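I opened the notebook to record what I looked up in this model, entry by entry. What follows is kept to what I could look up for single residues, helix pairs and the chain as a whole.

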Amino acid sequence: CVYSFLLNQEKKMALKVLTDLDSARTQYYHFKAIIIAGMGLFTDAYDLFCIPPIMKLIGRIYYGSSTDSNNLYEVPRAVTSAMVVTALLGTVIGQLVFGRLGDLIGRRKVYGFALMTMVLSSFGCGHSICTSRTCVLLSLGFFRFLLGIGIGGDYPLSATIMSEFANRKTRGAFIAGVFSMQGFGILASSTVTMIVCSIFNRANGGSEVQLHGADLAWRLILMIGAIPAGLTYYWRMMMPETARYTALVERNVPQAARDMEKVLDISASQIVEEFSYLPNSRSSNYSLFSKTFIHSHGLDLFACSISWFLVDIVFYSSNLFQSQIYKRYLSNNHNVNAFQEAFEVAKIQAIIAICSTIPGYFATMYFIDRIGRVKIQMMGFFFMAISLLAIGIPYYSYWNNNTNIGFMILYGLTFFFSNFGPNTTTFIVPAELFPARFRTTCHGISGAVGKLGAIIGSIGFLWASHNKKDEGIGMTASLILLAGVCVVGMITTYFFTSETMGKSLEENENIGINEDHQNEIVGGRA
């Protein structure tokens, strides 16, 4: 009875200290936090989408002596895949390590370190040492691995910080706003690539490219991506620790109230007075991956992880090799120089970003707090499957021999419904479901599992999309298989994913806990 009384008192007072956060009106700081927190996602997308045009430049420099005229200037897909996979492996490590550190020592204390890792690694990519092909690619892969660690660390920290600052009514839109910075990263990557290539091409007079100029161009494109993230470092360091972490994990309510007053128009003096009498209860003393944790949050962790895993298989399969999918829209590389070829790849990426990717993010921001996470995620998986089937089934009989706008529309729809669907919601939901002291850890685990799916998608697509004579299964079978993955994602979402719309973070963390099990947690089985 004593333990039950203490638990009830603690819950009432904890909800009291967080009521102002949940009901706070939308303020300037919320939008400032979106920009600050979103710069890591911006850098992630910039880095991902600058690789296809950069590979065109590297192909001209290091693969210009191929005896096969069809593959002249083409970087082998295995090399392109390796460049992507090294970053993804780093991302897996970063999500797990920084996610855990965010719960153990605080979000703010490791937030700036993750950003600085990204900035320095981006510059390192541009300064890849040596001039020989093997040495350049190895050093580029090494710095991309470090870049991935920083990007991975930013995922759970940015999502959690935004979720813990936001109010319950617009929390989904704010977290989606952070994630939407990926869209602007894609657009910035394409824009920078086009500008740099245009400048170098004009300086070169449109003639055959000098290798030194192409080598300088791809390095410059990579390093420019570090500038926006570096500019936000100061503001990240000035951000206070989130009030939820300070109050619920560090149990320092007066400090949480002072931090709230620094950034939000909230007066928390009354809350501090009432909450200062909180008993020092150890009611929630179960550890990560204990039986109690698995019973309470295991299903939610599985749902978040499997959804992220499935969507990343599809997203990265389509994303990383898009230049291979629509290379029929590019000029023959024998008729253009390296800068013109890279410019065309970046231009197509920019068109897709403007017409499908960014609108998908904005659609999620508008609807996420109106129709809910689960419905958007299921809808996204469903329409991704439809679009992939519409491309895949008649691929060899129609699309492979007909260059028209219909193919690009269908291809663009896969990106629209990915972002107006599971690609965004899988970033949002893990930041809402778990207790404050496990939040970044669980988000990191979900994201790490997702990036394992990305690795499978990128490597698997590399093999599977080959024609059967090359020991692959071909584009039709590959795209139908990806559509099947989307169907599985829709089914798992329906059966396992919890809806978090309109609930406070403290209400969400108790979704999977019944009353009897709460009493078991309180009593510590004593």
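**Isoleucine 445.** I began with isoleucine 445, which I found in helix 20, the run of residues 439-464, in what is a predicted model. I noted a relative accessible area of 17% for isoleucine 445, and because buried means under 20%, I entered this residue as buried. I then asked myself which residues isoleucine 445 touches once its neighbours within four places in sequence are left aside. The list I wrote down is Leu96, Phe289, Leu301 and Ser305. For one of these, leucine 301, I also took the separation: it stands 144 residues from isoleucine 445 in sequence, while the C-alpha to C-alpha distance is 8.2 Å.

**Phenylalanine 289.** Since Phe289 had come up among the contacts of isoleucine 445, I looked up phenylalanine 289 next and placed it in the loop between helix 12 (269-275) and helix 13 (291-320). Its phi is positive, near 65°, in a residue other than glycine. I kept in mind that most residues other than glycine have a negative phi. Is phenylalanine 289 buried or exposed? I recorded it as partly exposed, because its relative accessible area of 47% falls in between the limits of 20% and 50%.

**Arginine 251.** I made a second entry on backbone angles for arginine 251, which has a positive phi of about 60° although it is not a glycine. I located arginine 251 in the loop between helix 10 (243-249) and helix 11 (253-263), and at 27% relative accessibility I counted it as partly exposed.

**Helix 4 with helix 7.** I turned to helix pairs and took helix 4 (residues 107-126) with helix 7 (residues 211-224), whose axes lie 7 Å apart and pack at an angle of about 175°. Because angles over 145 degrees count as roughly antiparallel, I entered helix 4 as roughly antiparallel to helix 7. On the helix 4 side I listed Ser122, Phe123, Cys125 and Gly126, which meet Trp218, Arg219, Leu222 and Met223 of helix 7. Sorted by kind, the residues of this contact are five nonpolar, two polar and one charged.

**Helix 15 with helix 16.** How do the axes of helix 15 (residues 338-371) and helix 16 (residues 373-392) cross, and at what angle? I noted that they come within 7 Å and cross at roughly 125°, which makes helix 15 oblique to helix 16. The contact brings Phe367, Ile368, Asp369 and Ile371 of helix 15 to Arg373, Lys375 and Ile376 of helix 16, and I sorted its residues into four nonpolar, three charged and no polar.

**The chain as a whole.** I then looked up the totals, and wrote down 23 helices and zero strands for the protein chain. Of its 526 residues, 60% count as buried, and the chain exposes about 20800 Å², of which carbon and sulfur atoms supply 64%. Among contacts with a separation of 6 or more, 84% join residues 24 or more positions apart.

**Confidence.** I closed with the pLDDT, whose mean over the protein chain is 83, with 80% of residues reaching 70 or more. Confidence is highest in helix 18 (residues 422-428), at 97, and lowest in helix 23 (residues 515-523), at a mean of 43. I marked residues 273-283 as a stretch with pLDDT below 50, which has 19 contacts in the model beyond near neighbours in sequence. I marked residues 514-526 likewise as below 50, with 24 such contacts.

Definitions and conventions: Residues are numbered from 1 along each chain as its sequence is written. This is a predicted model: local features need pLDDT of at least 70, side-chain atom pairs count only at pLDDT 80 or more; totals for chains, interfaces and linings use all residues. Side-chain values use heavy atoms; hydrogens and water are left out. Axes are lines fitted to C-alpha atoms, for helices over the stretch in contact, and angles run from 0 to 180 degrees between N-to-C directions. Helices (H or I, at least four residues) and strands (E, at least two) are DSSP runs, numbered from the N terminus. Angles under 35 degrees count as roughly parallel, over 145 as roughly antiparallel, 65 to 115 as roughly perpendicular and the rest as oblique. Contact means heavy atoms within 4.5 Å. Ala, Val, Leu, Ile, Met, Phe, Trp, Tyr, Cys and Pro count as nonpolar, Asp, Glu, Lys and Arg as charged, and the others, Gly among them, as polar. Buried means under 20% relative accessible area, exposed over 50%, partly exposed in between (1.4 Å probe, protein chains only). Accessible areas come from the Shrake-Rupley method with a 1.4 Å probe; for residues, only the protein chains shown count as cover. pLDDT is the predictor's confidence in each residue, from 0 to 100.
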